[in-house]
Amino acid sequence: MSCVLEVCVDDIAGLEVAQQGGADRIELCSSLGCGGLTPSAGLMAEAARRSLPVIALIRPRSGGFVYSEAEARMMQHDIARAAELGLAGVAIGALTPERQLDLALLERLIRAADGRLQLTLHRAFDLVREPGAALEAAIALGFQRVLTSGGAPTAPGGAAQLAALVRQSQGRIRILAGSGIRPDNVAGLLAATGVHEVHASCRAPAREAPDAELLALGFSEAQAWLCSAVTVRAMQQEIRDQGALKAH
């Protein structure tokens, strides 16, 4: 089974670069600096014109994953919009104050997808107290995949938990490993965990110097790290090489 590389981007430039580099799938968001937020309708519409599948992150604000009723309505609306625009899927997640999956809210969000979208349970999963039980709940809800670092700050650090989730899944759901994955560690992660999907931003240092006038007027500095086609290609090469080793 080949490994899927999902590249996370938060703007049009990143979308184009990831596609040029050979990404298999895109996770589309805004504000990667705070972990990613829901992309604008305009960005989703532009992404829907591309030839590769695009998953929209649905996260209405930064911070934790316990949501108010108003935030729940926002997420439902954004999911419906993603379906209307023709995206491949959405990445969603919600927790109770006790750090369990908020099953009632997740069911509402899934209904908003109306059977038209793939469903990824995002890294809210990494905060649950009982990941094994949460994985079974995700399967019962109909999620196609779970994006997780194995409960650690990075996926390589959570490799043991990722491997356990792969074993538990028994092919019923895909484990999408994410956080801290780079060309120099992806092969080892695949070998150690058995995951068949990886999620990475594939960023490299930006070459543009900050605009002093923009900064003086209070506007944010340009991103210090940007999606790199070279990094995407390097990641795919390492994945292919690891697949060839396993085949032999």
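This text goes through a predicted model of a protein, from its overall form to single residues.

The secondary structure of the protein is made up of nine helices and ten strands. Its radius of gyration is 18 Å, close to the 18 Å that the globule rule gives for 248 residues, so the protein is as compact as a globular protein of that length. Taken along the principal axes, the box that its C-alpha atoms fill is roughly 50 × 50 × 30 Å.

How the chain folds back on itself can be seen from its contacts. Among contacts between residues at least 6 apart in sequence, 66% join residues at least 24 apart. Of the 248 residues, 48% count as buried. The protein exposes about 11600 Å², and carbon and sulfur atoms supply 53% of this area. As for charge, there are 23 positive and 26 negative charges, and the mean positions of the two sets are 4 Å apart.

Next comes the interior. The largest nonpolar core has 68 residues, and the members that touch the most other members are V7, I26 and F143. A second, separate core has six residues, including C8, C29, L32 and I55. Which residues does I26 contact, leaving aside its neighbours within four places in sequence? They are E6, V7, V9, L15, A18, L52, P53, V54 and I55. V7 is thus a contact of I26, and V7 and I26 both stand among the residues of the largest core that touch the most other members. I55 also appears in the contact list of I26, although I55 is a member of the second core.

F143 leads to another buried position. I92 is in strand β4, which covers residues 89-92. Is I92 buried or exposed? Its relative accessibility is 0%, and a residue is buried when the value is under 20%, so I92 counts as buried. Apart from neighbours within four places in sequence, I92 is in contact with I58, I79, L106, L109, I110, T120, L121, H122 and F143. L106, L109 and I110 in this list can be placed in helix α4, residues 103-113, while T120 and L121 can be placed in strand β5, residues 118-121. By way of contrast, A133 is 41 residues from I92 along the chain, and the C-alpha atoms of the two are separated by 18 Å.

Helix α5 spans residues 131-141, and its buried residues are A134, L135, A137, A138, I139 and L141. A general point helps in reading such a list. An α-helix has 3.6 residues a turn, so residues three or four places apart point the same way. In α5, the buried residues pack against helices α4 and α6 (159-169) and against strands β5, β6 (145-148) and β7 (174-178). Just after α5 comes G142, with a positive phi of about 100°.

Positive phi values also turn up outside glycine. Most residues other than glycine have a negative phi. D114 is not a glycine, yet its phi is positive, about 55°. D114 sits in the loop between α4 and β5, and with a relative accessible area of 53% it is exposed. S179, another residue other than glycine, has a positive phi near 100°. S179 lies in the loop between β7 and α7 (186-193). Unlike the exposed D114, S179 is buried, with a relative accessible area of 18%.

Two further loops can be read in a similar manner. T96 is in the loop between β4 and α4. Its relative accessible area is 16%, and T96 is therefore buried, the limit being under 20%. Leaving aside neighbours within four places in sequence, T96 is in contact with V66, L101 and D102. Y67 is 29 residues from T96 along the chain, and their C-alpha atoms are separated by 8.4 Å. G63 lies in the loop between β3 (54-57) and α3 (69-85). How exposed is G63? G63 is partly exposed, with a relative accessible area of 43%. G63 and G35 are 28 residues apart in sequence, and their C-alpha atoms are 8.9 Å apart in space.

The last stop is A204, in strand β9, residues 203-205. A204 has a relative accessible area of 21%, and because buried means under 20%, A204 counts as partly exposed. The C-alpha atoms of A204 and L87 are separated by 27 Å, and these two residues are 117 residues apart along the chain.

Notes
Residues are numbered from 1 along each chain as its sequence is written. This is a predicted model: local features need pLDDT of at least 70, side-chain atom pairs count only at pLDDT 80 or more; totals for chains, interfaces and linings use all residues. Side-chain values use heavy atoms; hydrogens and water are left out. Helices (H or I, at least four residues) and strands (E, at least two) are DSSP runs, numbered from the N terminus. The radius of gyration is taken over C-alpha atoms; the globule rule is 2.2 Å times the number of residues to the power 0.38. Buried means under 20% relative accessible area, exposed over 50%, partly exposed in between (1.4 Å probe, protein chains only). Contact means heavy atoms within 4.5 Å. Accessible areas come from the Shrake-Rupley method with a 1.4 Å probe; for residues, only the protein chains shown count as cover. Lys and Arg count as positive and Asp and Glu as negative; His and the chain ends are not counted. The place of a charge is taken as NZ of Lys, CZ of Arg, CG of Asp or CD of Glu. A nonpolar core is a set of buried Ala, Val, Leu, Ile, Met, Phe, Trp, Tyr and Cys residues joined through side-chain atoms within 4.5 Å.
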